[in-house]
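Subject: The structure we talked about, with notes

Hi there,

Here is the structure I promised to pass on. Have a look at it first, and then read on for what I found in it.

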Amino acid sequence: MKILIIEDEVLLADSLKALLTAKGFETDAVYDGKSGEEYACGGRYDLIILDVMMPKKDGYQVAQSLRKNRCQSPVLMLTAKSAVEDRVAGLESGADYYLTKPFDTRELLACVNALLRRQGQQVNELAYGGTRLDLDSASLLCGENSVRLSSREFEVMRLLMRSGENHIAKETLLTNVWGYESNAVENHVEVYVGFLRKKLAGIGSAVRIAAVRRLGYHLEYVHAEKTEN
């Protein structure tokens with residue numbers, strides 16, 4: 001799936017591009033409204049993330065032009081303006097959803113997936129680097145190699161994939177995978193992380209599950225041999 005980011009804050013645009021690329025999307029980023037409109041009209045995108053306040057053409061003008069030219073790609077509009085009038089203007093210009101800055105990346109990803117589902121394009125794969133998690137078959141894939149995961153391995157890996165480089169606490173994994181009323185303890189999480197580490201290594205993945213004391217786990221690329229905690 002292909003996403004276009006139209007955002008004049010270069011740092012934000014590049015950060016969003018890196019985030020979405022790590023999640024397995026093919027992503028382009030442009031930094032002004034006129035260029036964004038040209039990209040959107042010239043390419044087939046499954047979703048457009050569009051800022052409002054930009055040089056050359058603002059987001060409202062771009063969205064209106066896209067709809068006038070029969071571009072049917074869903075538009076997620078980003079802006080620091082939170083007044084009701086601004087939200088209405090964004091939706092009436094052709095946006096499908098309106099997200100105010102600052103926003104949590106988890107909320108952004110939820111919006112992206114919701115808009116893609118609305119278009120009948122259910123996200124069925126998570127990715128980090130060159131490693132993918134197939135949500136339908138509960139398999140980890142790297143290149144031509146793959147391995148099936150048990151139900152709990154799958155749930156742990158799914159949460160890690162969604163968090164990426166952000167830390168996820170053992171308590172969070174325990175609650176989400178085993179449930180509030182389970183008798184499982186943190187050692188169960190450590191055991192399943194160990195299983196996943198072996199399976200990642202077995203398929204030749206360049207991704208490892210890193211542990212940080214008191215913070216939990218996160219994914220990272222392997223650049224050199226490191227000692228596991």
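Contact here means heavy atoms within 4.5 Å. With that cut-off in hand, what covers the buried residues of α3? The cover includes β1, α2, β3, β4, α4 and β5. The buried residues themselves are G59, Y60, V62, A63, S65 and L66. Please keep in mind throughout that this is a predicted model.

The chain as a whole

The chain has 8 helices and 11 strands. Of its 229 residues, 45% are buried. Along the principal axes, the C-alpha atoms fill a box of roughly 55 × 40 × 30 Å. If you take the contacts between residues at least 6 apart in sequence, 53% of them join residues at least 24 apart.

The parallel sheet and its helices

Five strands make up an open sheet with parallel pairing, in the order β2-β1-β3-β4-β5. β2 (26-30) and β5 (97-100) are the edge strands, and each of them pairs on one side only. From one strand to the next, the twist averages 20°. At the β5 end of the order, strand β4 (residues 75-79) runs parallel to β5 and is joined to it by 4 bridges. One bridge to look up is that of T79, whose partner in β5 is T100.

Two helices are worth viewing against this sheet. Helix α2 (residues 33-42) packs on the sheet and touches β1 (2-6), β2 and β3 (47-51). The direction of α2 makes about 165° with that of β1. Helix α3 also packs on the sheet, where it touches β1, β3, β4 and β5. The direction of α3 makes about 150° with that of β3.

α3 and its surroundings

Let me stay with α3 for a moment, starting at its ends. D58 caps the N-terminal end of α3, with a side-chain oxygen 3.0 Å from the backbone nitrogen of Y60. After the helix comes R70, which has a positive phi, near 65°.

How do α3 and α4 lie relative to each other, and how far apart are their axes? Helix α3 (residues 59-68) and helix α4 (residues 84-93) pack at an angle of about 25°, with their axes 8 Å apart. Angles under 35 degrees count as roughly parallel, and α3 and α4 are therefore roughly parallel to each other. On the α3 side the contact is made by Y60, A63, Q64 and R67, and on the α4 side by D86, A89, G90 and S93. Sorted by type, the residues of this contact are 3 nonpolar, 3 polar and 2 charged. Y60 and A63 thus turn up twice: they are among the buried residues of α3, and they also meet α4.

A serine in a loop

Next, find S73, in the loop between α3 and β4. Is S73 buried or exposed? The relative accessible area of S73 is 12%, and buried means under 20%, so S73 is buried. The side chain of S73 reaches the backbone oxygen of Y45 at 2.6 Å. Leaving aside neighbours within four places in sequence, S73 is in contact with Y45, I48, R67 and D96. One of these, R67, is also part of the α3 contact with α4.

The antiparallel sheet and the hairpins

Further along the chain there is an open sheet of 4 strands with antiparallel pairing, in the order β6-β7-β8-β9. β6 (125-128) and β9 stand at the edges with a single partner strand each, so one side of each is left without a neighbour in the sheet. Here the twist averages 20° from one strand to the next.

Strand β8 (residues 139-142) and strand β9 (residues 145-148) pair antiparallel over 4 bridges. L141 has S146 of β9 as its bridge partner, while L140 stands opposite V147. The two strands form a hairpin with 2 residues between them, and G143 in the turn has a positive phi of about 65°.

A hairpin is also formed by β10 and β11, with 3 residues between them. In that turn, R214 has a positive phi of about 75°. Strand β10 (residues 207-212) and strand β11 (residues 216-221) pair antiparallel over 6 bridges, and R208 has E220 of β11 as its bridge partner.

Happy viewing, and best wishes!

Notes: Residues are numbered from 1 along each chain as its sequence is written. This is a predicted model: local features need pLDDT of at least 70, side-chain atom pairs count only at pLDDT 80 or more; totals for chains, interfaces and linings use all residues. Side-chain values use heavy atoms; hydrogens and water are left out. Axes are lines fitted to C-alpha atoms, for helices over the stretch in contact, and angles run from 0 to 180 degrees between N-to-C directions. Angles under 35 degrees count as roughly parallel, over 145 as roughly antiparallel, 65 to 115 as roughly perpendicular and the rest as oblique. Ala, Val, Leu, Ile, Met, Phe, Trp, Tyr, Cys and Pro count as nonpolar, Asp, Glu, Lys and Arg as charged, and the others, Gly among them, as polar. Two strands pair if DSSP finds at least two bridges between them. Buried means under 20% relative accessible area, exposed over 50%, partly exposed in between (1.4 Å probe, protein chains only). A polar contact is a pair of N or O atoms within 3.5 Å; within protein, one must be able to donate a hydrogen and the other to accept it, and residues adjacent in sequence count only if both atoms are side-chain atoms.
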